[in-house]
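Trainee: I'm new to this one. Could you pick a single part and take me through it closely?

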Amino acid sequence: LAAAVAAARDADAAVVVVGTNDEVESEGFDRASLALPGRQDELVSAVAAANPRTVVVVNAGAPVLMPWRDEVAAILWAWLTVTGNTAEVTVRNTGERPGREVVQLYASTGGTVRLAGFAVAEAAPGESATVRVRLDERVLRTGGDDLEISTTRADIG
């Protein structure tokens, strides 16, 4: 937490990626809470206090509480659906200006993490944009039963 705050303090802008995982969110059971797991809310608030230009990327498949919503400059909601070799990712511009985001998808298999594809999303203030990200065919061919696709490297593993 201290390292993230120090880095945010020295940066022009800070990006914090938070979200749920399969331990708290799954189609196989009901969620006990809408809160983000762990100390993620604390992390966002601390980084936002250190840098008012903090953008939060929320990677979750269902609603989550965002008690820090008014403390950050922007919130980007990201989730993905994989169909064949294309993933659809929807992002939302919560800012007051038109925005552009490079959506990156990462793949993990056998402990190796690599960039699997990317696409550019553009959205007007308050608007959502869905982009199709074509996945690298080599990722799909070499991926085994343990292949995971995610919008952030931190979500894999």
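Mentor: Sure, and let's start with a term: two residues are in contact when heavy atoms of theirs lie within 4.5 Å. Keep in mind that this is a predicted model. The part I'd pick is the place where helix α1, residues 2-10, packs against helix α2, residues 40-50. On the α1 side you'll find A4, V5, A8 and R9, and these meet L43, A46, V47 and A50 of α2. Sort the residues of this contact by kind and you get seven nonpolar, no polar and one charged.

Now look at how the two helices lie. Their axes are 8 Å apart, and the angle of packing is about 30 degrees. That makes α1 roughly parallel to α2, because angles under 35 degrees count as roughly parallel. As for the hand of the crossing between α1 and α2, it's right-handed.

Once you've got that pair in view, try the sheet for context. It's an open one built from three strands, ordered β6-β5-β8, with antiparallel pairing. The edges belong to β6 (112-123) and β8 (148-150); each has a single partner strand, so one side of each is left without a neighbour in the sheet. On average, neighbouring strands here are turned by 20 degrees against each other, direction ignored. Strand β5, residues 99-109, runs antiparallel to β6, and eleven bridges join the two. If you want a spot to zoom in on, find T109, which stands opposite T112 in β6.

Technical notes. Residues are numbered from 1 along each chain as its sequence is written. This is a predicted model: local features need pLDDT of at least 70, side-chain atom pairs count only at pLDDT 80 or more; totals for chains, interfaces and linings use all residues. Side-chain values use heavy atoms; hydrogens and water are left out. Axes are lines fitted to C-alpha atoms, for helices over the stretch in contact, and angles run from 0 to 180 degrees between N-to-C directions. Helices (H or I, at least four residues) and strands (E, at least two) are DSSP runs, numbered from the N terminus. Angles under 35 degrees count as roughly parallel, over 145 as roughly antiparallel, 65 to 115 as roughly perpendicular and the rest as oblique. A crossing is left-handed if the near helix is turned anticlockwise from the far one by less than a right angle, and right-handed if clockwise. Ala, Val, Leu, Ile, Met, Phe, Trp, Tyr, Cys and Pro count as nonpolar, Asp, Glu, Lys and Arg as charged, and the others, Gly among them, as polar. Two strands pair if DSSP finds at least two bridges between them.
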